[in-house]
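Here are a few exercises to work through with the model open in your viewer. Try each one yourself before reading the solution.

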Amino acid sequence: MKFEERTLSTEQIFTGKVISMQVDEVELPDGKIAKRELVKHPGAVAIIALTADHKLVLVEQFRKALERTILEIPAGKIEPGEEPKLTAIRELEEETGYRANSFTYLQTFSTSPGFANEIIHLYVAKDLEKVEQPAAGDEDEFIDILEVTVEEAEELIANERIFDAKTVVAVWYAKSL
């Protein structure tokens with residue numbers, strides 16, 4: 001690879017519930033040495049859940065890193081050994097109380113390649129039905145559910161209520177669905 005950086009050493013500096021962090025010493029293509037601070041993440045899924053009347057199902061939750069509440073599409077971390085589609089099915093039910101009779105893979109993308117290896121697998125869920133007793137969500141997750149039109153979602157982007165990249169991408173996709 002033309003610009004590959006060869007790892008010379010790795011120092012693990014943190015291991016948490018969701019991420020780990022490390023500092024790698026690398027050899028650059030020109031032979032110089034540099035350090036790279038890296039966040040390792042197991043990967044995630046995100047779901048464009050569309051109701052029968054073509055509304056997007058969003059979750060509203062507080063995001064500590066931003067110190068504010070934002071609106072997002074349902075999403076969640078892939079558990080060890082779990083297939084992304086199964087994660088998406090599980091997360092949709094846990095976060096929204098919906099199941100989908102149609103689940104379609106759309107795209108996989110990186111969130112912050114400059115310092116993190118997190119990737120998100122994006123799915124479209126259609127033909128939704130409410131689950132009588134949905135699977136329990138995370139005990140430390142407090143969310144409200146909203147259903148909005150694509151036009152309303154675009155307004156929420158303009159007003160920065162929708163603020164994260166995966167949801168902005170999802171709204172753009174939803175316009176063509």
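## Exercise 1: aromatic pairs

Searching the whole structure, a predicted model, turns up two aromatic pairs. Work out the geometry of the pair formed by Tyr-105 and Tyr-123, and decide whether each ring's residue is buried or exposed, or something in between.

**Solution.**

1. Start with the rings: the centres of Tyr-105 and Tyr-123 are 5.7 Å apart, with 70° between the planes. Over 60 degrees counts as edge-to-face, so that's the label for this pair.
2. Now place them. Tyr-105 sits in strand S8 (residues 98-110) and Tyr-123 in strand S9 (residues 119-130), so the pair ties together parts that are 18 residues apart in sequence.
3. Check accessibility. Tyr-123 has 6% relative accessibility, so it counts as buried. Tyr-105, at 44%, counts as partly exposed.
4. Finally, look for company: Phe-103 joins Tyr-105 and Tyr-123 in one aromatic cluster.

## Exercise 2: a three-stranded sheet

Find the strand order of the open sheet formed by three strands, and say how they pair.

**Solution.**

1. The order reads S6-S5-S10, and the pairing is antiparallel.
2. S6 and S10 are the edge strands; each has a single partner strand, so one side of each has no neighbour in the sheet.
3. As for twist, neighbouring strands here are turned by 30° against each other on average, direction ignored.
4. Zoom in on S5 and S10: five bridges join these antiparallel strands. On the residue level, Glu-60 stands opposite Asp-144 in S10.

## Exercise 3: the two faces of H2

Which residues of helix H2 (residues 150-158) are buried, and what covers them?

**Solution.**

1. The buried set is Val-150, Ala-153 and Leu-156. They span an arc of only 110° around the axis, which puts them on the same side of H2.
2. Flip to the other side of H2 and you'll find Glu-151, Glu-155 and Ala-158 exposed.
3. The cover over the buried residues includes strands S5 (56-63), S6 (68-72) and S10 (144-148), plus helix H3 (165-175).
4. For orientation, H2 lies across S5, S6 and S10, and runs at about 115° to S10.
5. Past the helix comes Glu-160, with a positive phi near 60°.

## Exercise 4: a loop glutamate

What does the side chain of Glu-82 make a polar contact with?

**Solution.**

1. Locate Glu-82 in the loop between strand S7 (75-77) and helix H1 (84-96).
2. List what Glu-82 touches, skipping residues up to four places away in sequence: Lys-77, Thr-87 and Arg-90.
3. The polar contact is with the side chain of Arg-90, at 2.8 Å.

Definitions and conventions: Residues numbered from 1 in each chain as written. Predicted model: local features only at pLDDT ≥ 70, side-chain atom pairs only at ≥ 80, totals over all residues. Heavy atoms only, no water. Buried < 20%, exposed > 50% of the residue type's maximum accessible area, 1.4 Å probe, protein only. Helix = DSSP H or I, 4+ residues; strand = E, 2+ residues; numbered from the N terminus. Arc of directions from axis to C-beta. Contact = heavy atoms within 4.5 Å. Polar contact = N/O pair within 3.5 Å; in protein donor to acceptor, adjacent residues only side chain to side chain. Pairing = 2+ DSSP bridges. Axes fitted to C-alpha atoms, helices over the stretch in contact; angles between N-to-C directions. Phe/Tyr/Trp six-rings, centres within 6.5 Å; stacked < 30°, edge-to-face > 60°.
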